[in-house]
Amino acid sequence: MTEKPKVDLYSDGACKGNPGPGGWGALLCCKGRERELFGGERLTTNNRMELTAVIHGLNALTMPSEVTIFTDSQYVKNGIEQWISQWKARGWRTSTGKPVANQDLWVLLEEALQRHAVQWRWVKGHAGHYGNERADSLANSGVPTAD
């Protein structure tokens, strides 16, 4: 049996106004090689872009992998590690009974995680962390400009 590739995924989201135009960026690193991904939406939120970055990064992997996800978003990390099971048990409601924000993306993220063995790492944003700074730059590149 072949060993799964080990991949570091650095992800970040950016939003100019919240809501407003936003971008997402992901940097995939494996065996000394890097792949950059980015995109954006004209009207979105920072949290949606943070989630979208991880989803696109995971979906870009062509085979099941061992993935370490580095994010500066505690919303994403805590959401998937702590909150999602409770949201689902309550019919996608928060502890206060409100609908969970970004449910569509949480569902897509959960699906994207199924193929991979994942570890989550939180990194402080804008603190000089190489991968996070690159993901931040990619996210800002994805922000649509006014026509």
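A salt bridge here means a side-chain nitrogen of Lys or Arg within 4 Å of a carboxyl oxygen of Asp or Glu. With that in hand, let's look at where such pairs turn up in this predicted model.

Going by that rule, the count is seven salt bridges. Three of the pairs are set out below.

| Pair | Closest N to O distance |
|---|---|
| E3 and K6 | 3.0 Å |
| R134 and E36 | 2.6 Å |
| D104 and R48 | 2.9 Å |

Start with E3 and K6, whose side chains meet in a salt bridge. This pair isn't on its own: E3, K6 and E66 are linked in a network of salt bridges. How open are the two partners? E3 counts as exposed because its relative accessibility is 62%, and exposed means over 50%. K6 has 47% relative accessibility, so K6 counts as partly exposed.

Next up is R134, which forms a salt bridge with E36. R134 sits in helix α4 (residues 130-142), while E36 belongs to strand β3 (residues 33-44), so this pair ties together parts that are 98 residues apart in sequence. As for E36, its relative accessibility is 44%, so E36 counts as partly exposed.

Then there's D104 with its partner R48. Which elements does this pair tie together? D104 lies in helix α3 (residues 103-113) and R48 in helix α1 (residues 46-59), so the salt bridge joins parts that are 56 residues apart in sequence. D104 counts as partly exposed, because its relative accessibility is 43%.

How values were computed: Residues are numbered from 1 along each chain as its sequence is written. This is a predicted model: local features need pLDDT of at least 70, side-chain atom pairs count only at pLDDT 80 or more; totals for chains, interfaces and linings use all residues. Side-chain values use heavy atoms; hydrogens and water are left out. Buried means under 20% relative accessible area, exposed over 50%, partly exposed in between (1.4 Å probe, protein chains only). Helices (H or I, at least four residues) and strands (E, at least two) are DSSP runs, numbered from the N terminus.
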